[in-house]
Structures are given as structure tokens and as C-alpha cells.
Amino acid sequence: MVSIPSGEISLRDDRKKTKWITQVQSFELSKFLITKELYCQVMSIPQPLPCEARKPVENVSWFDAVLFCNTLSILSGLESCYLVNIDSERVELISNAKGYRLPTDAEWEYACRAGSRAVQYGNIDDIAWFEGNSQDTTHSVGLKVPNSFGLFDMLGNVWEWCWDIYDPEVYGAYRVFRGGGWCDSSRGCLASNRRRSHPTYKVDDLGFRIARSC
């Protein structure tokens with residue numbers, strides 16, 4: 001986990017043509033995307049092949065990511081951050097819980113930019129696995145150059161689930177995901193890009209990383 005200092009971030013919604021500023025409190029964010037090896041270990045499911053172990057887990061829903069956070073919290077002796085009812089598809093965040101959780105939309109962009117106003121924190125070939133260099137697959141985490149906070153693969157490799165609902169009036173329960181993936185163009189891998197889908201959605205270029213409140 002990497003300690004992220006407090007600050008503020010200017011966010012925008014291109015669909016609504018709106019901008020707003022959000023204050024971000026200090027928090028911790030995982031240096032790497034959650035790998036297949038770690039996901040399988042925590043969730044007590046068969047381990048991946050050795051050649052796949054360090055690749056980011058994908059084909060996981062938002063609900064899968066939430067359950068992983070709770071399970072890892074319990075295994076680590078920490079208080080779970082979520083009350084989960086899968087049958088009714090209801091998840092509530094437990095205020096002030098210190099276990100593992102998904103980053104908020106604002107936390108994710110703030111951490112990705114790492115103090116920079118640029119939408120990419122370096123040359124895209126140096127920092128991300130994307131359409132132009134991925135050979136149509138994910139790659140082991142941590143092989144590209146990190147941002148100035150020391151976070152790897154914030155852009156490219158796989159998109160990352162965030163906690164936030166995207167727009168409840170228009171999209172209902174759809175949740176935000178960020179960062180771009182291995183099959184996206186360079187223009188798709190930007191700190192400012194926001195996409196969304198239903199929390200049960202799974203696809204081969206969507207994973208997650210975890211956060212903790214300080």
C-alpha cells in the first residue's frame with residue numbers, strides 16, 4: 001500500500017458538461033492492481049497458472065471486488081468496510097471502517113494524476129499496456145514506469161472499478177470504472193476518462209485495486 005497525501009482534485013463529466021472540485025483526505029492505495037494470484041488466494045479458489053499469477057485479475061464484477069475487500073479485511077484482522085446483500089444487490093459503506101475498500105472516483109483520479117495536471121503521467125508506451133503495445137492481452141503488474149506517487153498501471157492493462165455510482169438518475173446502479181485497458185487506444189487511457197457499467201458486469205479488461213482510509 002502507498003500513502004497518498006490529502007489535497008483536492010478538479011473532476012468533470014463530459015456528458016453533462018459539468019466540472020467540480022473535490023477535497024481528498026489522505027488515504028492508502030495499493031501499489032499494484034490486484035493480481036490473479038492474490039485474488040485466488042484471498043477468495044480460496046484454485047490458483048492460476050504460474051505464467052498468469054502476476055497478471056491483474058479481470059472478469060470480476062464490482063460485487064466481486066467488494067466481496068474481495070471484505071474478505072481481505074477479515075483475513076487481516078480489520079473491520080469490513082461494506083455491508084453486503086447480494087440477493088438484493090445492496091451494498092452499504094460502513095462509515096469510519098478501517099478495512100480495505102474500493103477507491104472513490106475522486107481518490108482514483110487524484111492518485112493517478114499524482115500532482116500533475118497532465119492526463120497521462122508520462123509517455124504512454126513507458127507507463128501503460130494499451131492497444132499499441134499489449135499484443136491483445138494483459139501483462140504482469142509493475143512492469144511499466146510508475147507515477148510520481150509510486151503507483152503502477154494506473155493507466156492501461158485493465159480498467160479499475162471505483163466505489164461511486166455514475167449517474168443514478170440516468171444509469172441507476174451503474175458504477176464508475178477508470179484507467180483504460182489493454183485493448184484501448186492511447187486516447188482511451190487518460191486520467192480524466194470515466195466509464196460505467198452495472199455492478200454485475202464482467203469483462204476481460206476490467207479489474208481493480210484497493211484502498212484504505214487513514
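**Exercise 1. Find how many residues lie between S5 and S6 in their hairpin, and look at the turn.**

Solution. Begin with the hairpin: S5 and S6 have four residues between them, and Glu-89 in the turn shows a positive phi of about 55 degrees. Strands here are DSSP E runs of at least two residues, and helices are H or I runs of at least four, numbered from the N terminus. This is a predicted model, where local features need pLDDT of at least 70, side-chain atom pairs count only at pLDDT 80 or more, and totals for chains, interfaces and linings use all residues. Residues are numbered from 1 along each chain as its sequence is written, and side-chain values use heavy atoms, leaving out hydrogens and water.

Next, check the pairing, which needs at least two DSSP bridges. Four bridges join S5 (residues 82-85) to S6 (residues 90-93), and the strands run antiparallel. Tyr-82 stands opposite Leu-93 in S6.

**Exercise 2. Work out why Cys-81 has no bond to Cys-69.**

Solution. First take the rule: a disulfide is a pair of cysteine sulfur atoms within 2.5 Å. The Cys-81 sulfur has its closest cysteine sulfur in Cys-69, 7.4 Å away, so a bond is ruled out by distance. Cys-81 is also buried, with a relative accessible area of 1%; buried means under 20%, exposed over 50% and partly exposed in between, using a 1.4 Å probe and protein chains only.

Now try Cys-40: the closest cysteine sulfur, in Cys-51, is 13 Å from its own, too far for a bond. By the rule, the count comes to zero disulfides.
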